[in-house]
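Biologist: I have a structure to go through before I plan any bench work. Could you take my questions one at a time?

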Amino acid sequence: MPWYVIYTKPRNEKKVAERLQQIGITVYCPMITMVKQWSDRKKKVQVPLLNSYVFVSLEDKEREKVFEVSGVVRYLFWLGKPAIVRDEEINALKEGLKDTMTSFEVKGIKVGDLMPIPSGPFQGKEGIIKQISKNSLQLILTQLGVLITLHKEENK
């Protein structure tokens with residue numbers, strides 16, 4: 001069965017996914033864990049990776065069934081037809097979310113410190129911290145002779 005993309009009302013992704021599962025539709029709502037900070041505490045929360053989107057797998061003749069659920073707005077269309085996502089792409093998305101780093105906190109480092117890079121394309125290398133700002137960090141990778149900038153991911 002093909003995977004379709006459903007557009008939901010804002011902040012209704014989890015509810016829509018749960019309701020669709022209850023009526024027997026195969027659904028995938030990719031979620032990530034983020035650390036949210038309030039004035040008095042920090043808390044890990046599960047948030048959708050793709051705002052206002054949920055994937056459903058069903059036969060073409062059953063596509064109208066999703067509108068029985070409140071919070072569903074419409075299907076995502078591509079070239080005048082409902083957009084279809086291949087199984088490989090859904091599996092790649094699931095696989096990619098297994099070991100992702102969703103947030104980080106920088107504490108106790110300063111310009112000039114040597115910092116090991118734990119993951120990513122420069123894993124195993126060390127960099128000297130050149131600059132620290134609110135949303136980014138610049139590292140000089142002396143082994144490679146390059147300057148890289150790491151940006152904090154924005155919450156949209």
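Biologist: In what order do the 4 strands of the open sheet lie?

Modeller: Keep in mind that this is a predicted model. The strands of this open sheet pair in the antiparallel sense. Strand E10 (114-116) and strand E13 (146-151) are its edges, each pairing on one side only. From one strand to the next the twist averages 40 degrees. The order is E10-E11-E12-E13.

Biologist: Which residue in E12 is the bridge partner of Ile132?

Modeller: Strand E11 covers residues 126-132 and strand E12 covers residues 136-141. The two run antiparallel and are joined by 4 bridges. For Ile132, the bridge partner in E12 is Leu137.

Biologist: Is Leu147 buried, partly exposed or exposed?

Modeller: Leu147 sits in strand E13. Together with Leu114, Ile128 and Ile140, Leu147 makes a nonpolar surface patch of about 320 Å². The relative accessible area of Leu147 is 42%, and the range between 20% and 50% is the one in question. Leu147 is therefore partly exposed.

Biologist: How many of the 6 residues of E1 are buried?

Modeller: Strand E1 has several partners. E1 is joined to E5 by 5 bridges, to strand E6 (residues 72-75) by 3 bridges, and to strand E9 (residues 84-85) by 2 bridges. E1 is largely enclosed by the rest of the structure, because the number of its residues that are buried is 5.

Biologist: What are the bridge partners of Val5 in E5, of Tyr7 in E6 and of Trp3 in E9?

Modeller: E1 runs antiparallel to E5 and antiparallel to E6, and its pairing with E9 is in the antiparallel sense too. Val5 has Phe55 as its partner in E5. Tyr7 has Arg74 in E6, and for Trp3 the partner in E9 is Val85.

Biologist: Is Ser52 buried or exposed?

Modeller: Ser52 lies in the loop between strand E4 (42-48) and strand E5 (53-57). Leaving aside neighbours within four places in sequence, Ser52 is in contact with Ile6, Tyr7, Thr8, Lys9, Pro10 and Glu13. Its phi is positive, near 70 degrees, in a residue other than glycine. The relative accessibility of Ser52 is 8%, so Ser52 counts as buried.

Biologist: Arg11 also has a positive phi although it is not a glycine; is Arg11 buried or exposed?

Modeller: The phi of Arg11 is about 60 degrees. Arg11 is found in the loop between strand E1 (3-8) and helix H1 (13-22). With a relative accessibility of 78%, Arg11 counts as exposed.

Biologist: How many salt bridges does a search of the whole structure find?

Modeller: Side chains of opposite charge can pair when their charged atoms come close. One of the pairs is Arg63 with Asp60, whose closest N and O atoms are 2.9 Å apart. Arg63 counts as buried, at 16% relative accessibility. Over the whole structure, the number of salt bridges found is 4.

Biologist: Which residues are joined into one network by salt bridges that share partners?

Modeller: Glu88 forms a salt bridge with Arg86, with the closest N and O atoms 3.2 Å apart. Glu89 forms one with Arg86 as well, at 3.7 Å. Glu88 is exposed, at 52% relative accessible area, whereas Glu89 is partly exposed, at 38%. The network joins Arg86, Glu88 and Glu89.

Biologist: How far apart in space are Glu89 and Trp3, C-alpha to C-alpha?

Modeller: Glu89 is in helix H2 (residues 87-96). In sequence, Glu89 and Trp3 are 86 residues apart. In space, the C-alpha to C-alpha distance is 9.7 Å.

Biologist: What share of the contacts between residues at least 6 apart in sequence join residues at least 24 apart?

Modeller: The protein has 2 helices and 13 strands. Of its 156 residues, 30% are buried. The share of those contacts that join residues at least 24 apart is 49%.

Biologist: How much of the exposed area do carbon and sulfur atoms supply?

Modeller: The protein exposes about 11,100 Å². Carbon and sulfur atoms supply 51%.

Terms used
Residues numbered from 1 in each chain as written. Predicted model: local features only at pLDDT ≥ 70, side-chain atom pairs only at ≥ 80, totals over all residues. Heavy atoms only, no water. Pairing = 2+ DSSP bridges. Axes fitted to C-alpha atoms, helices over the stretch in contact; angles between N-to-C directions. Patch = residues over 30% accessible without salt bridge, like charges linked within 9 Å, V, L, I, M, F, W, Y side chains within 5 Å. Areas by Shrake-Rupley, 256 points an atom, 1.4 Å probe, with all protein chains shown as cover. Salt bridge = Lys/Arg side-chain N within 4 Å of Asp/Glu carboxyl O. Buried < 20%, exposed > 50% of the residue type's maximum accessible area, 1.4 Å probe, protein only. Contact = heavy atoms within 4.5 Å.
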